[in-house]
Amino acid sequence: MAGRSNTPGGNEPGNHGEDYGEEWARGLRLQFEQLLRTKRMHDFQQARSHRSQPRSRPQSPMPRERASSANLRAPASSSGRPSTSYAQDHASPPTPPSYSSLRHLPLMPTAPAPHDQQSHKCRNLFLSLSQTPTKYENPGLLDEALQAIPLDRIYSEAEEESQVLRAQAESMGDGRKPEWGYQDCVIKALLRWFKRSFFTWVNNPPCPVCLSPTVAKGMTQPTPDESACGAMRVELYRCSNPACRAYERFPRYSDVWRLLQTRRGRCGEWANCFSMLCRAVGSRVRWVWNAEDHVWTEIYSELNQRWVHVDACEESWDNPRLYTEGWGKQMSYCIAFSIDGATDVTRRYVRKSEHAAERNKCPEEVMLYIMQEIKNLRRSNLGKDERFRLEKEDSREDRELRGYVVASIAQAVTRMVPGASSSSSSGQRRPGQAGGSSYSSDDQKIPAEQPGRQSGNAEWVAARGENGRRNQQPHDSNPRENRP
């Protein structure tokens with residue numbers, strides 16, 4: 001694909017790419033895993049043998065137990081006298097050591113246990129969801145999508161915006177790069193057109209006979225034609241006009257080709273169709289699934305070397321805290337699926353503990369295993385250089401996600417210091433500033449600046465618990481955007 005970087009390190013003078021290649025890295029990882037297992041077993045055996053020794057003989061604490069010595073010490077006598085041998089022999093057993101240091105060891109990907117049905121159910125769910133972005137690679141579908149896009153308009157707007165951004169960067173005189181590249185501006189122009197001119201939000205579909213409002217009557221079975229287009233669910237509505245009483249079906253299509261024809265739906269249809277259109281114009285795309293019933297898109301910015309949040313329903317660009325601090329939504333899992341694999345990106349969208357919902361679909365080590373399994377499945381046919389490039393990209397994103405956690409902790413600590421909040425906020429740098437980091441841009445937005453949900457009517461949004469700041473005015477005055 002265009003814009004992909006060359007393999008780093010292998011061809012540079014002085015670097016031994018052949019000596020430190022994929023096989024060497026894999027061998028080093030296996031050695032580390034084996035060493036970690038041996039260390040854990042050794043610590044466990046030492047602790048067990050220590051507890052089985054007679055209590056009358058004082059034993060010096062082991063290094064790992066010394067970290068939790070408060071749990072190992074027997075309660076001191078209130079009289080201060082030394083305990084007798086009888087007291088030692090009949091004393092109540094000490095509290096088992098907590099081994100708190102073991103909890104901070106890195107998690108190792110672990111396959112679901114055979115009897116763990118919940119973990120297997122989670123694995124099957126994610127494997128099924130990982131098929132969604134593979135549909136975006138159909139050349140015939142992408143050609144048809146390009147015919148539906150006004151390319152001249154999109155490219156013209158993108159060129160104009162990219163020139164403005166370049167001029168702004170050059171005017172600073174410090175050699176900084178533009179905030180966004182040309183391809184990023186293409187997606188921003190596509191986002192505006194998709195929201196305002198192409199796709200339509202559906203609350204209750206109008207009556208097909210008299211165009212009167214309809215009332216929901218529940219779900220019904222899909223027809224064979226609807227099932228063929230990926231409609232596993234069909235909502236049934238009845239006309240509210242007493243003289244009509246006609247029924248209207250609303251199939252929830254997942255087939256992207258069909259969505260190009262209907263051009264209507266809710267967040268599932270919006271994200272699915274928009275992600276495919278982003279792929280059609282040449283961007284790398286992720287389809288992001290949230291366990292709390294929302295989906296959106298991420299595109300890869302080649303200029304900034306990171307994945308960017310895009311929500312077509314809200315016409316939102318690079319604002320990952322929109323859901324938690326704007327909608328007041330609590331989220332547990334945010335999983336990004338692409339043609340190259342799957343990544344748990346929850347840390348990008350959930351920055352504070354009060355916005356985190358319980359993660360109970362499977363243990364975290366099983367989640368790591370599932371994510372790695374999907375990556376291995378999607379990258380099995382790639383060449384060595386391409387796999388190495390993607391692994392470096394994964395490492396860079398992991399540093400970014402860990403940086404969000406560090407920034408969140410730093411902000412929480414800073415708020416505890418009187419008079420430090422103003423100075424710390426002024427010291428943060430936006431992307432493009434000298435020494436600025438790539439993950440500090442959206443941290444500049446305070447919660448009051450986060451918009452409430454704009455798509456969907458008020459009753460539907462309130463029922464989903466996403467009306468955090470609904471009283472704010474929509475951020476765009478376009479009348480089509482404000483229509484539910």
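**Aromatic close-ups**

There are 17 aromatic pairs in this structure, which is a predicted model. The views below pick out a few of them, plus some charge-over-ring contacts.

**View 1. Phe126 meets Trp289 edge-to-face.** The ring centres sit 5.6 Å apart, with 75° between the planes. Phe126 belongs to helix H5 (residues 117-129) and Trp289 to strand E6 (residues 285-290), so this pair links parts that lie 163 residues apart in sequence. Both partners are tucked away from solvent: Phe126 is buried with a relative accessible area of 0%, and Trp289 is buried too, at 13%.

**View 2. Phe199 and Trp270 make another edge-to-face pair.** Here the centres are 5.4 Å apart and the planes meet at 75°, so the edge-to-face label applies because that angle is over 60 degrees. Phe199 comes from the loop between helix H8 (182-198) and strand E1 (200-201), while Trp270 is part of helix H11 (residues 267-280), so the contact ties together parts 71 residues apart in sequence. Phe199 is buried at 1% relative accessibility, and Trp270 is buried at 2%.

**View 3. Zoom out from Phe199 and Trp270 and a cluster appears.** Those two rings belong to one aromatic cluster, along with Trp193, Phe194, Phe198, Trp201 and Phe274.

**View 4. Arg284 parks its charge over Tyr300.** The charged end of Arg284 is 4.6 Å from the centre of the Tyr300 ring.

**View 5. Arg351 does likewise with Tyr404.** In this case the charged end of Arg351 sits over the Tyr404 ring, 3.8 Å from its centre.

Key
Residues numbered from 1 in each chain as written. Predicted model: local features only at pLDDT ≥ 70, side-chain atom pairs only at ≥ 80, totals over all residues. Heavy atoms only, no water. Phe/Tyr/Trp six-rings, centres within 6.5 Å; stacked < 30°, edge-to-face > 60°. Helix = DSSP H or I, 4+ residues; strand = E, 2+ residues; numbered from the N terminus. Buried < 20%, exposed > 50% of the residue type's maximum accessible area, 1.4 Å probe, protein only. Lys NZ or Arg CZ within 6 Å of the ring centre and 35° of its normal.
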